[in-house]
Amino acid sequence: MKTDLRGKHLITLQEWTKEEIDTLLDIAFDLKRRKALGEKHRLLEDKTFYMLFFENSTRTRNAFETGMTQLGGHAIFLTPSATQIGHGETAKDTVEVLSRFGDGIGIRYCTYKKGNAYMRELAKYSRIPVINMQCDLYHPTQALADIMTIQEKFGKNTRGLNFTISWTYAPNYIRPLSMPQSLILLMSRFGMNVTLAHPPEFHLLPDIVEQARKNAEENGVKFNIVHDMDEACKDAHIIYAKSWGPIAYTGSREEGLDLIEKYNTWVMDGRRMKLGQKDAIYMHCMPADRGVEVTEEVMDGPQSVIYDEAENRLHTIKAILAATMR
Ligand code: CP
């Protein structure tokens, strides 16, 4: 257990050691138990966390805000248009000031080639922890909730589990690469065999795929990329099926939406769920396009853990806040 996480930025879990991630999980399980028992845990009394959102959110915003309340502190919701960021105030000037007022700052900024760079610029000048609430490359707070959920369902020792992350058809908008990239990087570090499935044009960023391969090698597990959804679901213990855009393939929104349309059979349904192990679980970070990328039968079926997964956003985010801002 690492007990010196105070002040540490969380931009990607790849920059945290396994022992540090295990510490966050340990705190998250403890905080979940304490909440269930109605035990007060005001670990961040009088502390303030800033939440800077460039895009919308249901789970992330409310988990951070509710989490700060339960920890005895306060969270402030910010957007570019509600601040001088909208008038071009720099990351440095913004965070120099907020660092003198409060105790932590989170940012959601998913625009490709901008979000992560902005966060890193903030982190360079920040004297308070900078937490990635989702960027163009990573979604670490979601991935942490996902591993917590897998441990709840299969036990703390996840070695040998087959984890599949598959692209799905969702035509209404182009989603970032942050979720599949975070998952392929993290799950092999917990001893899982990782399968990444997508149509060819929906590949992830090559350096991140290379890092995921390296993680798998170092942990003695498999990492495979396939272009067939059925093949990906076969024998899986965990089927995480969600959409992302062909962002690494084309910068054109129109071409991207046409490409999504080309693969409209990539839908998570009951037949595909049966290809997995008998005790397989279905995961999705949400929001999901019900009846489009995944059938209602799967989303509301006995193998779906989507609401436990969403609940664990709260407990894991509280663990991050408590560990880095205490
Ligand atoms: N999974 C997730 O990040 O949900 P929100 O976009 O609602 O925050």
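Which residues surround the ligand? I began there, keeping in mind that this is a predicted model, and I found that the ligand is surrounded by S57, T58, R59, T60, R108, H139, Q142, C285, M286 and R313. Sorting this shell by character, I counted two nonpolar, five polar and three charged residues.

**Entry on polar partners.** I then looked at single atom pairs, and noted that an oxygen atom of the ligand lies 2.8 Å from an N or O atom in the side chain of H139, while a nitrogen atom of the ligand lies 3.0 Å from an N or O atom in the side chain of Q142. For M286 I noted a contact with the backbone: a polar backbone atom of M286 is 2.8 Å from a nitrogen atom of the ligand. I also looked up how much of the ligand is covered, and the protein covers 93% of the 250 Å² of accessible area that the ligand has on its own.

**Entry on location.** Where does the ligand sit? I found the ligand in the largest pocket, and I next wanted to place it relative to the domains. The domain assignment gives domain 1 as 13-139 + 313-324 and domain 2 as 142-309. Because both domain 1 and domain 2 give residues to the shell around the ligand, I wrote down that the ligand lies between them.

**Entry on the two domains.** How far apart do the C-alpha centres of domain 1 and domain 2 lie? I recorded 25 Å between these two centres, and for the contacts across the domains I recorded that 25 residues of domain 1 touch 28 residues of domain 2, counting heavy atoms within 4.5 Å as contact.

Key
Residues numbered from 1 in each chain as written. Predicted model: local features only at pLDDT ≥ 70, side-chain atom pairs only at ≥ 80, totals over all residues. Heavy atoms only, no water. Near = heavy atom within 4 Å. Polar contact = N/O pair within 3.5 Å; in protein donor to acceptor, adjacent residues only side chain to side chain. Areas by Shrake-Rupley, 256 points an atom, 1.4 Å probe, with all protein chains shown as cover. 1 Å grid on protein atoms, 1.4 Å probe; cavity = no way out; pocket = protein on both sides within 12 Å on 5 of 7 lines; lining within 4 Å. Sits in = over half its atoms within 2 Å of the grid points. Nonpolar A, V, L, I, M, F, W, Y, C, P; charged D, E, K, R; others polar. Domains from an automatic or database assignment.
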